[in-house]
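Student: Could you walk me through this one and justify the labels as we go?

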Amino acid sequence: MLPWVVRRTRLPLVSVRCPDCRSGSATTGDGRFRVNANGKLLDVWLLVRCVSCNRTIKLTVHDRAPVRSFDPAALRGYRVNDPGLVASTLLDPRLAQRNRCALDWDGSWRLDAASPWIDEGWPVQIGVAFADPVLVRPERLIAQGLGLSRSQVLRRIKCETPLRRPTSTGFTFTVIP
């Protein structure tokens, strides 16, 4: 079995509608949080910027949460804008659900594929692993890795994972001649 690994090259764009220019994409840029205290309650937002007009949009991370409920390391990370915490917060599916947005992974991942299987016999089995939770359609990933068209992928690939449904979990597939 040949190993393939999908890696994140940058943080994905956020698909959220800008209130000013109605653009549909925003970026985290350098990654910043805003922490606002209201008595013993905290609000935490992840700040993103519209890619068209550069307006700041706030994505709610915590809303009116008691200060004591925060892990001290996380609270410190919010205050100093820790890049690792920005990435883990952005990639958390609860953030997208809470803010009614989605992540746009186009151009933010790469495929590390093993060398071609010239000496191997047919059929060839390939295992795909994800180093980061990149959401990608298997047919696009396989088409890029093998240099095939997507219609050829649908004809020549046998896989238990649905090829047209985005996934971020590992899978294996078989290439038939």
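Here is a short back-and-forth on the terms and the values behind them.

Tutor: Ground rules: this is a predicted model, where local features need pLDDT of at least 70, side-chain atom pairs count only at pLDDT 80 or more, and totals for chains, interfaces and linings use all residues. Residues are numbered from 1 along each chain as its sequence is written, and side-chain values use heavy atoms, with hydrogens and water left out.

Student: Why is the chain called more spread out than a compact globule?

Tutor: The radius of gyration is taken over C-alpha atoms, and the globule rule is 2.2 Å times the number of residues to the power 0.38. For 177 residues the rule gives 16 Å, while the chain has 20 Å, well over that, so it is more spread out than a compact globule. The C-alpha atoms fill a box of roughly 70 × 35 × 25 Å along the principal axes.

Student: What makes up the secondary structure of the chain?

Tutor: Five helices and 10 strands. Helices (H or I, at least four residues) and strands (E, at least two) are DSSP runs, numbered from the N terminus.

Student: How do you know that strand 3 and strand 4 pair?

Tutor: Two strands pair if DSSP finds at least two bridges between them. Strand 3 (residues 25-38) and strand 4 (residues 41-50) have nine bridges, in the antiparallel sense. One of the bridges links Ala37 to Leu42 in strand 4.

Student: What is the strand order in the open sheet?

Tutor: Five strands run in the order 5-4-3-2-6, with antiparallel pairing. Strand 5 (56-66) and strand 6 (102-104) each have a single partner strand, so they stand at the edges, with one side of each left without a neighbour in the sheet.

Student: Which strands does helix 1 touch?

Tutor: Contact means heavy atoms within 4.5 Å. Helix 1 (residues 72-80) packs on the sheet, touching strand 3, strand 4 and strand 5.

Student: Why is Glu139 called buried?

Tutor: Buried means under 20% relative accessible area, exposed over 50%, partly exposed in between (1.4 Å probe, protein chains only). Glu139 has 2% relative accessibility, so it counts as buried. Glu139 sits in helix 4 (residues 138-146), and among the residues it touches are Arg150, Val153 and Leu163.

Student: What makes the Glu139 and Arg137 side chains a polar contact?

Tutor: A polar contact is a pair of N or O atoms within 3.5 Å; within protein, one must be able to donate a hydrogen and the other to accept it, and residues adjacent in sequence count only if both atoms are side-chain atoms. The Glu139 and Arg137 side chains come in at 2.3 Å.

Methods. Axes are lines fitted to C-alpha atoms, for helices over the stretch in contact, and angles run from 0 to 180 degrees between N-to-C directions. Lists of a residue's contacts leave out its neighbours within four places in sequence.
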